[in-house]
Amino acid sequence: MRELKKPHFSMAGWGLFLAGALTLSSCSNEDLPGGEEQGPAIEFGEVKTRAEVTEAGQIKEFSVFAEQNYLNEDNSESLDFISLLENERVYRTGDNQDGDFTYNNKRYWVYDRTFNFFAVHPYMETGITKTSFQQNNNSYDGFSIAFETPATADTDLMAGYKTERTITGETLPSSVDMEFKHLLAKINIKVAKNTQNEDNKVIVKSISLGGVWRTGTFSTSRFADYKDNWDFYGSGVMTITKTEGWTLDTNGVETMGNGLLLMPQSIELNTMPITITYEYYSNASDTTPQKTSTVQAFLTAGEWKAGTQYSYNIVLAAEDNNIKFTTPTVAPWGAPQSAGTIIIN
């Protein structure tokens with residue numbers, strides 16, 4: 001049987017802090033294996049955030065798994081665990097889901113036990129599976145999360161662990177404090193018009209990013225020496241398109257709102273195109289575009305990592321009304337002649 005190791009969550013980056021207050025309650029000992037004397041109910045309370053989910057009120061519900069170990073016949077603490085909560089929906093009360101958090105299958109603290117909690121935001125009816133993994137010739141208990149990127153790419157997938165140890169004679173935990181980590185990368189794309197077109201109007205009509213993973217499975221364990229990872233076996237790629245329309249300036253305009261939330265992935269050369277359709281107007285008062293163009297470029301090779309924000313800056317090529325001639329080739333003819341660029345305004 002494996003020795004319990006310090007639980008962790010390995011992803012770095014943005015985080016979300018969940019504070020869960022305990023309220024006094026009671027129930028029959030029949031509800032807990034072993035018939036032990038029980039303490040206050042485990043409750044989830046106020047949410048505090050320092051994450052992409054920028055306000056506590058944005059967290060309406062999330063999934064929770066919980067387990068507790070038990071005593072052996074000799075009263076020693078077992079390293080095996082029994083399940084307390086299986087994908088329990090923790091949700092806000094109130095008509096507008098603006099009240100305190102609650103859940104339906106109440107569970108209770110017991111002294112001299114270890115409690116493990118795992119939570120996923122947002123709540124998922126299906127797709128979270130308790131499983132075991134093999135890694136570096138070791139076996140680990142953990143969870144797999146199946147995820148599909150929505151067309152809007154705005155689901156902030158997060159997860160976190162917490163372990164609590166209760167000891168007779170000491171105060172029971174006053175809260176279940178969990179730090180959520182982002183499992184996705186955040187992608188921003190800013191587009192600017194060329195400084196040569198400072199007095200012209202340029203409007204982006206649509207922008208798309210292709211080659212991003214559509215589906216993936218995240219594997220995670222609370223054991224510190226397990227390396228959390230994404231698997232994209234069988235996943236196809238998708239294109240995300242925005243069509244709001246943006247009037248550009250020379251400093252750049254953010255075209256992806258608060259950013260696209262996408263699964264981490266390696267970017268191979270010429271595999272992830274950005275396609276932009278824009279209108280060019282000779283001056284700001286024009287209502288009919290002088291030109292409509294579609295241009296494309298590819299992201300440079302690299303890697304998106306979870307919990308990390310990536311910002312891409314794009315400057316469109318200059319547009320103008322001038323008739324330009326490139327530098328001509330002058331054949332010898334008598335005395336040498338000078339050559340240069342001719343611009344007819």
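**Entry 1: Lys-201**

I began at the side chain of Lys-201, where a polar atom lies 2.8 Å from the backbone oxygen of Asp-286. The model is a predicted one. The side chain of Lys-201 also reaches a second backbone oxygen, that of Ala-284, at 3.4 Å. I then looked for a charge partner. Lys-201 is buried and has no salt bridge. The nearest side chain of opposite charge belongs to Asp-286, and I noted its distance as 7.4 Å. A salt bridge needs a nitrogen to carboxyl oxygen distance within 4 Å, so 7.4 Å does not qualify. Asp-286 thus appears twice in my notes on Lys-201: its backbone oxygen is at 2.8 Å, while its side chain is 7.4 Å away.

I placed Lys-201 in strand S12, residues 201-213. Leaving aside neighbours within four places in sequence, I listed its contacts as Thr-247, Glu-279, Tyr-280, Tyr-281, Asn-283, Ala-284 and Asp-286.

**Entry 2: the chain as a whole**

I counted 25 strands and zero helices in the protein chain. Of its 345 residues, 46% are buried. Among contacts with a separation of 6 or more, 73% join residues 24 or more positions apart. The exposed area is about 18,400 Å², and carbon and sulfur atoms supply 46% of it.

**Entry 3: nonpolar cores**

I looked up the largest nonpolar core and found 30 residues in it. Those with the most contacts inside this core are Ile-187, Val-191, Leu-209, Leu-262, Ile-276 and Trp-304. Two or more residues come from each of S11, S12, S15, S18, S20 and S23. S12 gives the largest share, five residues.

I took Ile-276 as one case. Beyond four places in sequence, Ile-276 is in contact with residues including Val-191, Val-204, Ile-207, Val-295, Ile-314 and Leu-316. Ser-206, Ser-293 and Thr-294 are also in contact with Ile-276. Apart from this core lies another, of 19 residues, among them Trp-109, Val-110, Phe-115 and Leu-172.

**Entry 4: backbone exceptions**

Most residues other than glycine have a negative phi, and most peptide bonds are trans. I checked for departures.

The bond joining His-121 and Pro-122 is cis, with omega about 0 degrees. Pro-122 lies in the loop between S6 (113-121) and S7 (128-135).

Asn-87 has a positive phi of about 50 degrees. I found Asn-87 within strand S4, residues 77-92, and buried at a relative accessible area of 16%. Gln-97 has a positive phi near 50 degrees. Gln-97 sits in the loop between S4 and S5 (101-102) and is partly exposed, at 28%.

How values were computed
Residues numbered from 1 in each chain as written. Predicted model: local features only at pLDDT ≥ 70, side-chain atom pairs only at ≥ 80, totals over all residues. Heavy atoms only, no water. Helix = DSSP H or I, 4+ residues; strand = E, 2+ residues; numbered from the N terminus. Buried < 20%, exposed > 50% of the residue type's maximum accessible area, 1.4 Å probe, protein only. Contact = heavy atoms within 4.5 Å. Areas by Shrake-Rupley, 256 points an atom, 1.4 Å probe, with all protein chains shown as cover. Lys, Arg positive; Asp, Glu negative; His and termini not counted. Polar contact = N/O pair within 3.5 Å; in protein donor to acceptor, adjacent residues only side chain to side chain. Core = buried A, V, L, I, M, F, W, Y, C linked by side-chain atoms within 4.5 Å.
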